[in-house]
Amino acid sequence: MPWCEDCGKYMTPNTLRDDGSCPTCGRVVEEPVVPDDETTPWHFKLLVVALVVYLGYRFVQIFL
């Protein structure tokens with residue numbers, strides 16, 4: 001949890017401004033987190049492929 005020395009209190013991440021500064025005194029308490037290049041996890045892709053195969057199989061069963 002970020003601590004503001006000037007205000008003397010802990011801050012939750014959602015109470016800080018977008019640039020990581022204290023809303024009361026404006027001192028930078030925490031550096032803003034920049035997300036890395038987010039990619040889709042491999043297990044989610046596998047789940048989608050399995051779902052497509054399963055639904056395709058169920059669709060074919062309608063006509064057999």
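Here is a short chat between a visitor and a guide about this predicted model.

Visitor: To start, how do you know how far to trust the chain as a whole?

Guide: Look at the predictor's confidence, pLDDT, which runs from 0 to 100. The chain has a mean of 84, and 91% of its residues reach 70 or more. Among the elements, α1 has the highest mean pLDDT at 96, while strand β1, residues 3–4, has the lowest at 78.

Visitor: Why does low confidence matter?

Guide: Where pLDDT is low, the predicted coordinates should not be read in detail.

Visitor: What pattern does the chain follow along the sequence?

Guide: The order is β-β-α, made from 2 strands and 1 helix.

Visitor: What makes residues 3–4 count as a strand?

Guide: A strand needs at least two residues in a DSSP run. Strand β1 covers residues 3–4, so β1 meets that minimum.

Visitor: How do you know the chain isn't a compact globule?

Guide: Set two values side by side. A compact globule of 64 residues would have a radius of gyration near 11 Å, but this chain has 24 Å. The box filled by the C-alpha atoms tells you about the outline too: roughly 75 × 20 × 15 Å along the principal axes. As for the surface, the chain exposes about 5,700 Å², with carbon and sulfur atoms supplying 62% of that.

Visitor: How much of the chain counts as buried?

Guide: 12% of the 64 residues do. On the contact side, take pairs at least 6 apart in sequence: 11% of those contacts join residues at least 24 apart.

Visitor: Why is the group with Cys4 and Met11 called a nonpolar core?

Guide: The name asks for buried residues of certain kinds, Val, Leu, Met and Cys among them, joined through side-chain atoms within 4.5 Å. Cys4, Met11, Leu16, Cys22 and Val29 form such a set, the largest nonpolar core, with 5 residues in all. Because a core takes in buried residues, each of these five is buried.

Visitor: Is there a general pattern behind that, and what is it?

Guide: In soluble globular proteins, nonpolar side chains tend to be buried together.

Visitor: Which residues does Leu16 contact beyond its sequence neighbours?

Guide: Skipping those within four places, Leu16 is in contact with Pro2, Met11, Ser21, Cys22, Pro23, Val29 and Glu30. Val29, for its part, sits in the loop between β2 (9–10) and α1. Residues that Val29 touches include Pro2, Trp3, Cys4 and Leu16, again not counting those up to four places away. The C-alpha atoms of Val29 and Arg17 are 9.8 Å apart, with their positions 12 residues apart along the chain.

Visitor: Why is the pair of Phe59 and Phe63 called edge-to-face?

Guide: Ring centres must lie within 6.5 Å to pair, and planes over 60 degrees apart count as edge-to-face. For Phe59 and Phe63 the values are 5.3 Å and 80 degrees, so both tests are passed. The structure holds 1 aromatic pair.

Visitor: Why are Phe59 and Phe63 about one helical turn apart?

Guide: Because they lie 4 residues apart in helix α1, residues 42–63.

Visitor: Is Phe63 buried or exposed?

Guide: Exposed means over 50%, and Phe63 has a relative accessible area of 62%, so Phe63 is exposed. From Phe63 to Cys22 is 64 Å, C-alpha to C-alpha, and 41 residues in sequence.

Visitor: What makes Asp6 exposed but Asp19 partly exposed?

Guide: Asp6 has 57%, over the 50% mark, so Asp6 is exposed. Asp19 has 43%, between the 20% and 50% marks, so Asp19 counts as partly exposed. Asp6 lies in the loop between β1 and β2, whereas Asp19 lies in the loop between β2 and α1.

Visitor: Which residues does Asp6 contact, leaving aside neighbours within four places in sequence?

Guide: Cys25 and Arg27.

Technical notes
Residues numbered from 1 in each chain as written. Heavy atoms only, no water. Buried < 20%, exposed > 50% of the residue type's maximum accessible area, 1.4 Å probe, protein only. Contact = heavy atoms within 4.5 Å. Phe/Tyr/Trp six-rings, centres within 6.5 Å; stacked < 30°, edge-to-face > 60°. Rg over C-alpha atoms; globule rule 2.2 N^0.38 Å. Areas by Shrake-Rupley, 256 points an atom, 1.4 Å probe, with all protein chains shown as cover.
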